[in-house]
Amino acid sequence: MRANVVGILSGVWLLQAAAVLPAWARWGWLAAAAALAVMAWCGRMRRRARTARGAGAAWVVALAAAVCAGHAYAAWRADARLADALDGALEGRDVLLTGVVAALPDEDAGSVRFVFEVERAEGGAVRDGLRGGVPRRVLLSWYRGYGRAPRAEREIPALQPGERWRLPVRLRRPHGSAAPGVFDYEAWLLERDLRATGYVRGDGKRLAGEGGGFMHGVHRLRARIRQQFAAALPQAPYLGILTALAIGDQSAITPEQWEILRRTGVQHLVAISGLHVSLAALAAGGLCAALWRRVPGLALRCPARHAGAVAGLAAAGGYALLAGLGIPAQRALVMLLAAALSLVARRGTSARNTLALALAAVLIVDPWAPLAAGFWLSFGAVAVILLMARGRVAPVRGWRAAVRLQLAITLATAPVLVVLFQGFSLASPLANAFAIAMVSFAIAPLALLAALWPAGWLLELAHILLVWMMTALQWLAALPFALYERPLPPPWLFVAALAAVMLAILPRGTPARLAALALLGGFLLWQPARPRPGEFNAAVLDVGQGLAVHVQTARHDVLYDSGPLYGSASDAGARVVAPYLRALGIGRLDAVMISHDDADHVGGLESVRARVEVGEILAGRGDGESASGSASIPEHGLRGASCASGLHWRWDGVDFTVLAPDELPPGRRGNAQSCVLRISGAGGASLLLTGDIGRGGEEELTRRYGAALASTAVVAAHHGSRASSSPAFVATVRPRAAIFSAGYRNRYGHPHPQVLARWEAAGARNLRTDSGGTILLETAGAEMKIAGWREIMPRYWHGR
C-alpha cells in the first residue's frame, strides 16, 4: 500500500508541475477509476504469484497504475476548478455583485480584504445567468477613499462574516509576481478556490438577511472571539499571536514578529496545523478514555481507546472549525480521521500504513496540497519520527531521545527548507525545545480557554508567558548564525540531499552514513554559477507597476530601482526583490541606483536595505555624501558619487556608464531627471536602462550620443508610456529586445499599443513582465539570451 500511495503522490505532483492540462482532463475521473482497477488487479496477482519475478512485475505495473491514477484524478479536479473562471470580457469592467462575506475579513490601516461568495452578478458585459461569467468565490479588497461621501468621511464599513452585500466591483483573473524564489500567489489562490480578485469601487449596500451556511456561523463566532481578545488586551504587543493560536487569524502579527519567528524556526507554532490539532485530539481523547474506563458498562460495550479516538477526533474537528477550517487545519484533520478510522476498524494497521492512508486521504481531499510547504514539512516530520523509532537495538529514552529526535527533524527538513525558503534556522533546535512546550501546554490552551470562556485574566496570563517566550526568541534571532541562508539548488542536488539525510539518520552501522553527511555538506555549500569576466546577467523583475532590475557580473551585484509600494504594510522590496536575491544566494549588493524619486521606483528600497547588505546607493544627492551612509567602494571612485552623466566604472570587465541627467535639481527628482544607465560587456552585448524619461530626455540622449546608444536590449522608458519611446530614439537604439515593466491590467494602459508597434517595427522582440513574468537576460560575448520566467517555468494555472 505504501508504494501505491507514493505512486499516487508522484502522479499528483507531476500534474501540479505541468505546463498545460491534458486534453482529456475532464474525463480524468474515468481514467483514475480504470487505473485504480488495474492497481487492485495487480495486488491480487502479486499475492497469487508463484515466483518473485512475477510478483515484482505485478508490483511495477501497480506502481505505474498508481502514478496514472494520481495524475488523472488531479487533472480532473484541476479542470473542474479552472472551469469556474472569470469571463475575460469582464476584466477591468464595473460589475455589481450580490453575495455573502464568506470568511473572517483581514483588516489593516487602509483597507480590508475578504472572501465574497457571489450569488448574482449584474453589468453591461455580464452573460445571462445568476453569476454570468463571475466565479463562485472571489477575493475582494475595500480601500478607504472610494465612495460618494466626502474624502474625510470615506470609511470602510465594519464587515462581518455572513453579511449579505451588493457591491460595485472591478475584477480580474488571478495574477501574481513570477520570479525565481518568489511566492506563487496564483497557486495559493487556486488551492483556496478563489478564482478572481478585485476591489470595491463605490458605496456598497448591506442587504437584509445573512448567509445561512454552517461555516458562515462559524466565522461569525470567530469574529466575536477576535473582538473579545482585542477588547481584553487593547495594547498588548503580541495580541496577534494569541489570536492566531485561538482562531487561526494571523492578520495582526507584525512583520517584525514574523521575522523573529522565521529566524528561530518556530513560525509553525502560530499556524493551527498538525501539532495543535493533534494535541487537542490527544488531550480530549486521553481524558475521555480515562473516564470511560471508570464506567464498566461503557467499557464492556465499547473499548475505551475507541471512545477516546472518537472524542479526540471530535475535539480536533472543533478546533479546526474554530481555526476557520483553513488548508493546514483541513490537512491535519484528514490525517487524524484516517488514523482514527484505522483504530476503530480494528485493522491493526502499522504506523507507516496509517501515515500512507492519511497521505492518500489528504491528496483526495486537496490535490493541490503538494504546492504548500506545510504538506511536505508535516508529513516529512512524521516520517522522520517513525524512522527514528525503528531499528534501534537499545533505544535512547528521556531527554536524550527528545534531543536526538529534534536534531533528526532539523537535519531531515533542512533540504526541504532550503528549497522552499532558501534557508533554515540553526537556532531552531534550541528555540523549539522550549517554545513547543510553552505554546502547546500553556499558551495555546490558555488562549483556547479564553476563547470558550471569556475571562480577561486567562488572556493576561497567556500574554505574560508569551512575552517571556518572545523575549528569549528575540535574543536567539539576534544571533548572527541564527538563520543559515542558501541559494535555490537544482532539482538533482535536492534529490541527492534528501537521500543523504535519510541515510544519515539511520541507526549506527548503516553503510555510507559518513558519505551521506559529506554529500549533505556539499548541498549546503553549493553556489550557483555566476557570469564569466566580461559578461553579465540581468533580470527585469516582475514587480507590477514599477521597476526593479538586478545586474550581476562575475563578482559584483547591482540593483537599479527597487520596485513600488503595494500598500501601507507591503512593498516590492520585501515581496519580490529580497526573495529573488535570496534564491540566487546574494547577501550583498555592491551598489543600488535609484533612477528617480517616484514611489514605483523607490518604494521597496528600505525593505531591500533591511534584508540585504548594501554597499553604495547612487540616488543623485550630489552633496558629497553617500546616500547609504555606509562603507563605499573607493577603488572604483563611487564614494559620494551622484547619479549624473559622466559617471563611469568597470566591474569584472563590464562597463557601467551613466548617460543622464546632466544637472541634479535640489529636492525631489521627477521623471525627466531619471538616471539613465548603459551596461556593456566585453563582447559587445549591452543593456540600456532608461527610468521614466520622456521624449525630451530621449531627444537629448539621441542628440548627444547618437549611434553610441545602440544596445542589445532596452528597458523601455516609463513602462511603455505613449509619452516616451519616440520614433527617433527607437531608431537610434535599434535593440533586439524591448522590455516593458508594467503591472497586470494597470490603470494607465502601459505599455501603449503604439509604443509596442514602434519597437516591433524597429526589429525588436517585445517582452512584458505582466505577461511573461521576470525577464531574464544572459550574455555570452555579443549574444544575449532572453526569456520570461513564465516561459521557463510554465504552470497550467498561469493566466487562468
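How many nonpolar, polar and charged residues are in the lining of the largest cavity? The lining has four nonpolar residues, one polar residue and two charged ones. Keep in mind that this is a predicted model.

**The cavity**

Let's stay with that cavity for a moment. The structure holds one cavity of 30 Å³ or more, and the space in the largest cavity comes to about 50 Å³. Its lining is made up of Ile327, Gln330, Arg331, Val334, Val362, Val365 and Asp366. Two helices, H11 (327–344) and H12 (351–365), each supply at least two residues of that lining. H11 gives the largest share, with four residues.

**Helix H19**

Next up is helix H19, which covers residues 572–583. With twelve residues at 1.5 Å a residue, H19 should span 16 Å, and its end C-alpha atoms sit 15 Å apart, so the two values agree.

Is H19 mostly covered or mostly open? It's mostly covered, with ten of its twelve residues buried. Among the buried ones are Gly573, Val576, Val577, Pro579, Tyr580 and Leu581. Arg582 is on the buried list too.

The ends of H19 have details of their own. At the N-terminal end, Asp571 acts as a cap: one of its side-chain oxygens lies 2.9 Å from the backbone nitrogen of Gly573. Just after the helix, Gly585 takes a positive phi of about 75°.

**The cysteines**

Now for the sulfur atoms. A disulfide is a covalent bond between the sulfur atoms of two cysteines. The count here is one disulfide, and it joins Cys643 to Cys675. That pair links distant parts of the chain, 32 residues apart. Cys643 sits in the loop between strands S18 (617–618) and S19 (648–651), while Cys675 sits in the loop between strands S20 (654–660) and S21 (676–680). Both Cys643 and Cys675 are buried.

Cys42 is in no disulfide, and neither is Cys288. The table gives the sulfur distances for these cysteines.

| Cysteine | Other cysteine | Sulfur-to-sulfur distance | In a disulfide |
|---|---|---|---|
| Cys643 | Cys675 | 1.7 Å | yes |
| Cys42 | Cys68 (nearest) | 11 Å | no |
| Cys288 | Cys302 (nearest) | 8.8 Å | no |

Why does Cys42 count as buried? Its relative accessibility is 2%, and buried means under 20%, so Cys42 falls in that class.

Technical notes: Residues numbered from 1 in each chain as written. Predicted model: local features only at pLDDT ≥ 70, side-chain atom pairs only at ≥ 80, totals over all residues. Heavy atoms only, no water. Expected span 1.5 Å × (residues − 1). Buried < 20%, exposed > 50% of the residue type's maximum accessible area, 1.4 Å probe, protein only. Polar contact = N/O pair within 3.5 Å; in protein donor to acceptor, adjacent residues only side chain to side chain. 1 Å grid on protein atoms, 1.4 Å probe; cavity = no way out; pocket = protein on both sides within 12 Å on 5 of 7 lines; lining within 4 Å. Points joined across faces, edges and corners; volume = space filled by probe spheres on them. Nonpolar A, V, L, I, M, F, W, Y, C, P; charged D, E, K, R; others polar. Disulfide = S-S within 2.5 Å.
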